[in-house]
Structures are given as C-alpha cells and as structure tokens.
Amino acid sequence: MAKKNILVFGASNSRQSINKRLAVFAANQLTDVQLEIVDLNDFPLPMYSKDDERETGVPENAKLFATVIERCDGIVASFPEHNGLFTAVFKNLWDWMSRLDTAKIWREKPMFLLSASPSRRQHNYVMKAA
C-alpha cells in the first residue's frame, strides 16, 4: 500500500516562519506518510487583479500550487495572524487559485489547521476564518 502524500506549509512568506516550523513538526508526528513540505516563497505571484487576469491569465505558480494540492492526500497548514486575518501572501495565492477552472481549491482534502500566532485579541480570528 502506497504511503499517503501530505502537503505541509506555513501560510507565510517569512523565511523564519514559526508557523511553517509548527506545521512541519505536527506533520512529522504522522506515521506511514510521505511529507511534501513547501514554502510559499517558492510560488511568487503578482497581486491579484482582474485586469492582470484578463491580460495574462492565471499565473503558472498558482496553477503549480493547485497541482501540488491535487496530488496530495491531505494537508497540514499553520497560519500566522496578520491583523486578525490570513497573511497577504496566502490570501493572494488563494485569490489566484480561485480563478482556476477547478470548483474547489482544496479539493475536499482532509486538513489539519494550526496557528502559532498568539493573538492580542481575545480570540485567534485567523483560526476561525480558516
């Protein structure tokens, strides 16, 4: 039986992301899986714009990330909280991927969501949004 492929990432563009480290740590607790650890910095994208989409289409890096999701069996992701929401880099990636022909970005893959971000607010809103 083939090992399940688990996509692992921190939803940040920080090179020292504690959220990426948390996602990798959590994923390493799984057994009999193959981890595919990715860094959002490896998928640079222009800020989403309908004008850019009309002129040049969806960027290849958004398509590539969608392919990574397609081939995985599950996802472990950790989210920093920026002003109570997702990071701009993650939201932008999500915006671009939403423009692809696929109906569902996450393909109904099982997901384990984390956050290493202590919120100054009473609640960690990024986890509620996620």
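The pLDDT is the predictor's confidence in each residue, on a scale from 0 to 100. The model treated here is predicted, with local features requiring pLDDT of at least 70 and side-chain atom pairs counting only at pLDDT 80 or more, while totals for chains, interfaces and linings use all residues. Residues are numbered from 1 along each chain as its sequence is written, and side-chain values use heavy atoms, with hydrogens and water left out.

**Exercise 1. Confidence and inventory**

Determine what the mean pLDDT of the chain is, and where in the chain confidence is lowest and highest.

Solution. The mean pLDDT of the chain is 89, and 86% of its residues reach 70 or more. Confidence is highest in S2, at a mean of 98, and lowest in helix H5 (residues 125-129), at 61. Where pLDDT is low, the predicted coordinates should not be read in detail. The inventory comprises 5 helices and 4 strands, where helices (H or I, at least four residues) and strands (E, at least two) are DSSP runs numbered from the N terminus. Along the chain these elements follow the order β-α-β-α-α-β-α-β-α.

**Exercise 2. The sheet**

Establish in which order the strands form the sheet, and which of them stand at the edges.

Solution. The 4 strands form an open sheet in the order S2-S1-S3-S4, with parallel pairing, two strands being paired if DSSP finds at least two bridges between them. Strand S2 (33-37) and strand S4 (111-114) each have a single partner strand and therefore stand at the edges, with one side left without a neighbour in the sheet. From one strand to the next, the twist averages 20 degrees.

Turning to one pair, strand S1 (residues 4-10) is joined to S2 in the parallel sense over 5 bridges. Within this pairing, Val8 stands opposite Ile37 in S2, and Leu7 has Glu36 of S2 as its bridge partner. Between S1 and S2 the chain passes through H1, in a β-α-β crossover that is right-handed; that is, with the strands pointing away from the viewer, the path from the first strand over the helix to the second runs clockwise.

**Exercise 3. Helices on the sheet**

Find which strands helix H3 lies across, and at what angle helix H3 runs to S1.

Solution. Helix H3 (residues 60-71) lies across S1, S2 and S3 and runs at about 140 degrees to S1. For such angles, axes are lines fitted to C-alpha atoms, for helices over the stretch in contact, and values run from 0 to 180 degrees between N-to-C directions. Contact itself means heavy atoms within 4.5 Å.

**Exercise 4. Burial in H4 and at Glu53**

Identify the buried residues of helix H4, and decide whether Glu53 is buried or exposed.

Solution. Buried means under 20% relative accessible area, exposed over 50%, and partly exposed in between (1.4 Å probe, protein chains only). In helix H4 (residues 88-97), the buried residues are Phe90, Asn92, Leu93, Trp96 and Met97. Because they fall within an arc of 165 degrees when seen down the axis of H4, these residues line one face of the helix; the arc is that of the directions from the helix axis to the C-beta atoms. Their cover includes S1, helix H2 (50-56) and H3.

Glu53 belongs to helix H2 and, with a relative accessible area of 18%, is buried. Apart from neighbours within four places in sequence, Glu53 is in contact with Tyr48, Val58, Trp96 and Arg99.
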